[in-house]
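Here's a quick walk through one protein chain, written for someone with the structure open on the screen. Have a look at it, then read on.

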Amino acid sequence: MSLRPRVLPRLLLATALLFPVGCRAEQGPPALTPPPPPDARSPGETSLMHWPVARPEPVTAARPVLAVALAARLGPAAGDAPAAAPLRLRSNEGLLTLIDANGQRFQAPSLVLHWRREALPGPVALRRRVLGPFASFESAEQAAGLWRSVGVAAVIARPREWEVWAPVGAPDPAALPEGLRLQAYERTVSERVGLELRRAQGVVPLAGPIRVEAPGGLLWNQGVYAGPFQLLRDAHGGWSLVEQVPLERYLEGVVPHEIGAGVPAAALEAQAVLARTWAVRNQHRFAADGYHLCADTQCQVYSDPRDAGAAVRQAIAATRLAVLMAADGPIHAVYHASNGGISAGYQEAWSGPPVPYLNPFPDGPAPFQARFPVPLAAAALPTLLRDGQAAWGADHPVFRWQRRLTAAQIAAALGPGRAVGRPTALKVLARGPSGRVLALEVQGTGGRTVLRLDAIRRTLRTLPSTLFTLRPAGEGVWQLSGGGFGHGAGLSQAGAIDLAGRGWSARRILAHYYPGTWLQPLGAGGDSP
């Protein structure tokens, strides 16, 4: 969700002198024994839509703990285990303790876990229908809901891009949006990727889930995390490193990395409320893989909690367990870096029904609002982009921006899946009430395609927002003049910082960006599912 750059997790180097503590007999992981479904195609074959995982415990007022993946899709593809680099874990101070599902227990300052091939009791056929790719979880969720409404057990997953999975035999969706594909996935496997420790006494197979305790903190991706941690198998056949982190401590790793630690107190408090609300509302985001949230921009950036100084901790404490509510529970607490002076409606960013508290509006003082009313007239957009400096948050570094797109850049971004040939024309087909582009047509020597909503920025990744004007700038070159950074819906972090500096309270800022919502303690109106 954040628009700040995120460094991908890397494996940390460590030494591994292992000291077994109360170790049971060294035995392999339990056999996979899913029930055979009726469509098994050969004797002894098991058919699955995906590898089964246990759903994480829900986040509630009684147990406000999130399962956050610090790293996902760990491990090689089946058959490549011996050649893959090992997984290295290192304590910040003192010993790590590893306990596998069989009760085997080891302690060391660092642990080196090697990948291994694990034979299955019989062949397993992974079969599913796959709809995608989607530019965001929100759009995937909308499509999954349409499938579920006709009784299909649809699952949202993210192997690389967001997808929706359905069982073999599920009916086609009523309408397939442009740019999406409906494909069959089928693969039969006879082994899975597991983990092992290699000691002087011999190789120790480890049974998952694997618990890792780090009283002095775990060093990961240049940060230190308190844990406890689990290594979990995912729906794709890989593994995830997951931290079980209390909700309020999670905010210490989110707030400073999303809005910055040095902004006014009211902006920090508003960000703390939104980060908490977003986490509670989105705890189903990675249910397919057995955890709640990721740690990168597909969720909220969760990084080293030590970066939370006194001001951030005070903001979290001042809003302890408070969530922003609407009639259907915790709100869609979406936010972004800068709205460019005009806030977007939900339907200008994602597919789905309108959200009553996410509407377009000019984000500035009364004279600014009078000058740029919504729906924004087509002729008013260039004026807004040229001299809209009276808006809240106009000092953001990407409040206004310029980009040049070439035919070669567009062709590379579209990839071979969209057969348009060499792009020859770009055309805005539709704009929303805030002036944002809803549909962008690319015409080429081999055909045409239309990018819609969040797919515009997912495809043309150099664009900070969809609030832009477009004009040709030579053969195969287009000039884009735009404003803002992000989807534009909900709170503008630049606007919140500006308003807090003008003396607005956190409650007033939240009411400004999410009208008709209210604050209440987590669980006061029933916990979100």
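Where is the place of Gln222? Gln222 sits in the loop between β13 and β14. Keep in mind that this is a predicted model.

## A loop with two unusual residues

Gln222 isn't a glycine, yet its phi is positive, at about 65°. Asn221 is found in that loop too, between β13 (218-220) and β14 (223-225), and its phi is also positive, near 50°, in a residue other than glycine.

Are these two buried or exposed? Asn221 counts as buried because its relative accessibility is 9%, under the 20% cut-off. Gln222 is exposed, with a relative accessible area of 61%, which is over the 50% cut-off.

## The chain as a whole

The secondary structure comes to 10 helices and 30 strands. Of the chain's 529 residues, 55% count as buried. Take the contacts between residues at least 6 apart in sequence: 72% of them join residues at least 24 apart.

Leu70, in strand β3, gives a good example of residues brought together across the sequence. Its C-alpha atom is separated by 8.5 Å from that of Asp296, and the two residues are 226 apart along the chain. Leu70 counts as buried, at 4% relative accessibility.

## Two covered helices

Helix α2 (residues 247-258) has 12 residues, so at 1.5 Å a residue it should span 16 Å. Its end C-alpha atoms are 16 Å apart, which agrees. This helix is mostly covered, with 11 of its 12 residues buried; among them are Tyr250, Glu252, His257 and Glu258. Just after α2, Gly260 takes a positive phi of about 100°.

Helix α3 (residues 265-281) passes the same kind of check: its 17 residues should span 24 Å, and its end C-alpha atoms are 24 Å apart. α3 is mostly covered as well, as 15 of its 17 residues are buried.

What does Gln493 touch? Not counting residues up to four places away in sequence, Gln493 touches Glu258, Ile259, Gln271, Tyr335, His336 and Ala337. Gln493 itself is in helix α9 (residues 493-501) and counts as buried, at 8% relative accessibility.

## Nonpolar cores

In soluble globular proteins, nonpolar side chains tend to be buried together. Here, the largest nonpolar core has 108 residues, and those with the most contacts inside it are Leu89, Leu113, Leu241, Tyr250, Ile509 and Tyr514. Which element gives the most to this core? That's α3, with 11 residues. Apart from this core lies another, of 18 residues, among them Trp401, Leu414, Leu460 and Phe468.

Tyr250, one of the residues with the most contacts inside the largest core, touches Leu66, Val68, Val245, Ala279, Leu293, Gln300 and Tyr302, leaving out residues up to four places away in sequence.

## A buried glutamate

Glu196 lies in strand β10 (residues 181-199) and is buried, with a relative accessible area of 6%. What does its side chain make a polar contact with? The partner is the side chain of Arg116, at 2.5 Å. Leaving aside neighbours within four places in sequence, Glu196 is in contact with residues including Val112, Leu113, His114, Trp115 and Arg116, and also with Val203, Val204, Pro205 and Leu206.

## Pockets and cavities

The second largest pocket has a volume of about 1100 Å³. It is lined by 44 residues, and the closest to its centre are Pro159, Arg160, Glu161, Glu163 and Tyr185. β10 supplies the largest share of this lining, nine residues. Other elements that each supply at least two include β3 (65-74), β7 (110-134), β9 (162-166) and α7 (407-414).

How many cavities of 30 Å³ or more does the structure hold? There are two. The second largest has a volume of about 30 Å³, and its lining includes Ser343, Tyr357, Phe361, Gly490 and Tyr513.

## Two cis prolines

Gly208 and Pro209 are joined by a cis peptide bond, with omega about 0°. Pro209 is in the loop between β11 (202-206) and β12 (210-213).

A cis peptide bond also joins Val374 and Pro375, again with omega about 0°. Pro375 has its place in the loop between α5 (366-371) and α6 (380-387).

Key
Residues are numbered from 1 along each chain as its sequence is written. This is a predicted model: local features need pLDDT of at least 70, side-chain atom pairs count only at pLDDT 80 or more; totals for chains, interfaces and linings use all residues. Side-chain values use heavy atoms; hydrogens and water are left out. Helices (H or I, at least four residues) and strands (E, at least two) are DSSP runs, numbered from the N terminus. The expected span of a helix is 1.5 Å times one less than its number of residues. Buried means under 20% relative accessible area, exposed over 50%, partly exposed in between (1.4 Å probe, protein chains only). A polar contact is a pair of N or O atoms within 3.5 Å; within protein, one must be able to donate a hydrogen and the other to accept it, and residues adjacent in sequence count only if both atoms are side-chain atoms. Contact means heavy atoms within 4.5 Å. A nonpolar core is a set of buried Ala, Val, Leu, Ile, Met, Phe, Trp, Tyr and Cys residues joined through side-chain atoms within 4.5 Å. On a 1 Å grid over the protein atoms alone, a cavity is a set of points where a 1.4 Å probe fits but cannot get out, and a pocket is an open set with protein on both sides within 12 Å along at least five of seven lines; lining residues have an atom within 4 Å of a point. Grid points are joined across faces, edges and corners, and a volume is the space filled by probe spheres set on the points.
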